[in-house]
Amino acid sequence: MELPVHLSVLEKSTEAFNFIVKRLPDALKAPRVAIVCGSGLGGLSETIDKELRVEIDYADIPHFPQLTVAGHAGKLVFGLLDKKVPAVLMVGRAHYYEGHSIDQVTFPIRVFKLLQIDTVVLTNAAGGLNPDYTVGDIVLLNDHLFLAGLAGNHPLRGPNSEEFGPRFPPLSDAYDLDLRRQVHEAWEKVIDPVTKRRLHEGVYAFAGGPSYETRAECRMLRQLGADVVGMSTVPEIVVARHCGIRILAFSLVTNNAVLSPVPRGDDHLIQGRDVKELDAILQEGKANHEEVLEAGRSAAQDMQRLVVHVVSDIFGNL
Ligand code: HPA
């Protein structure tokens, strides 16, 4: 009987790296940047030149996590962004709520490190907690709340992989300030005068999902200082920072979290109302997956233009 072989994260990511790099032409072997495309933001891959383009399905890459959620594809797209910057796009990401271990969710970041990528751009769809935000706003992340991580459900828990980084990595400067400054500059140039979409900076709270948050949970996260809430990104950022990768992260506000307390059963305003009327009251602001995808679709263009512009500005002239 063959015993199962337990490979270390370095061994697994090296196998994935070897598999990938064999399929890349020389011009794409050393991407400058990786871009993780969140829900509805996979359109970024359309901006990759058709001429020099390599697509690799997650399903084919050793140890790569497979996706299960509707509306998410799963492939790496290598190519030139804006015709000049060698880049890799992750179209679709594995989420913790799908049942993947936190190691699997963050595995692609390890592979990016082996590809010697030094900057990762992460995008996601998120619920707005800050009452000033509206659906369609873009939030440049400058910090996060990782309640699961604080409680010990942390991607770096266990023996430290010294090859990747130190035992106790600091996260007080996780969201690169220089890159953030450049994003604001780029925004002035790409902002659409018609939609006048707004760009904020804010704090992202990680929620395990897959349920959306209760009203009380939304109020708690807001009181703790979060501006948006979502079910991804933070574990990847922690692992990226551990191995010294610079981070830029964006949320697209696809719905407003409901902060008002749920109506009380003894509220005089609801007495005598039929179930339909009660339902209508409760529908207000309720999150749903279709709404999230739709908001993603209509705002994705601006977000994509911003990302392409920033990446092109930063890496195009090096
Ligand atoms: N909560 C968590 N994740 C999300 C939300 C939300 O309201 N919207 C989009 N992703």
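Which element gives the most to the lining of the second largest pocket? I will come back to that question, but since some of you are new to this structure, let me say at the outset that we are looking at a predicted model, and then begin with the ligand.

The ligand is surrounded by 11 residues, and the closest of these are A125, G127, E213, G230 and N255. If we sort the shell by character, we find six nonpolar residues, four polar ones and one that is charged. Three strands, namely β5 (119-128), β8 (228-230) and β9 (246-256), each supply at least two residues of this shell, and of the contributing elements it is β5 that gives the most, with three residues.

Let me now go through the contacts made by nitrogen atoms of the ligand. In the side chain of N255, an N or O atom is 2.6 Å from a nitrogen atom of the ligand, while E213 places a polar side-chain atom 2.8 Å from a ligand nitrogen. With A125 it is the backbone that takes part, since a polar backbone atom of that residue is 3.4 Å from a nitrogen atom of the ligand. On its own the ligand has 260 Å² of accessible area, and the protein covers 94% of it.

That brings me to the pockets, and the space taken by the ligand is in fact the largest pocket. This pocket holds about 600 Å³ of space, and among the 32 residues that line it, Y212, E213, M231, N255 and A287 are the closest to its centre. Two or more lining residues come from each of β5, α5 (215-223), β8, β9 and α8 (289-315), and here β5 again gives the most, with four residues. The lining divides into 14 nonpolar residues, 14 polar residues and four charged ones.

Turning to the second largest pocket, we have about 380 Å³ of space and a lining of 21 residues, with S8, V9, D103, R110 and S161 lying nearest the centre. Both α1 (9-21) and α2 (102-114) supply at least two residues of that lining, and this is where my opening question is answered, for it is α2 that gives the most, with four residues. By character, this lining divides into seven nonpolar, eight polar and six charged residues.

Finally, I would like to point out two features of the backbone, both of which you can find in loops. The first concerns P210, which has its place in the loop between β7 (199-206) and α5; the peptide bond that leads from G209 to P210 is cis, with omega near 0°. The second concerns D82, in the loop between β3 (75-81) and β4 (85-91), where phi is near 55°, a positive value in a residue other than glycine.

If you look at the structure again after this talk, you might start from E213, which is one of the residues closest to the ligand and also one of those closest to the centre of the largest pocket, and then move on to N255, whose side chain has an N or O atom 2.6 Å from a nitrogen atom of the ligand.

How values were computed:
Residues numbered from 1 in each chain as written. Predicted model: local features only at pLDDT ≥ 70, side-chain atom pairs only at ≥ 80, totals over all residues. Heavy atoms only, no water. Near = heavy atom within 4 Å. Polar contact = N/O pair within 3.5 Å; in protein donor to acceptor, adjacent residues only side chain to side chain. Areas by Shrake-Rupley, 256 points an atom, 1.4 Å probe, with all protein chains shown as cover. 1 Å grid on protein atoms, 1.4 Å probe; cavity = no way out; pocket = protein on both sides within 12 Å on 5 of 7 lines; lining within 4 Å. Sits in = over half its atoms within 2 Å of the grid points. Nonpolar A, V, L, I, M, F, W, Y, C, P; charged D, E, K, R; others polar. Points joined across faces, edges and corners; volume = space filled by probe spheres on them.
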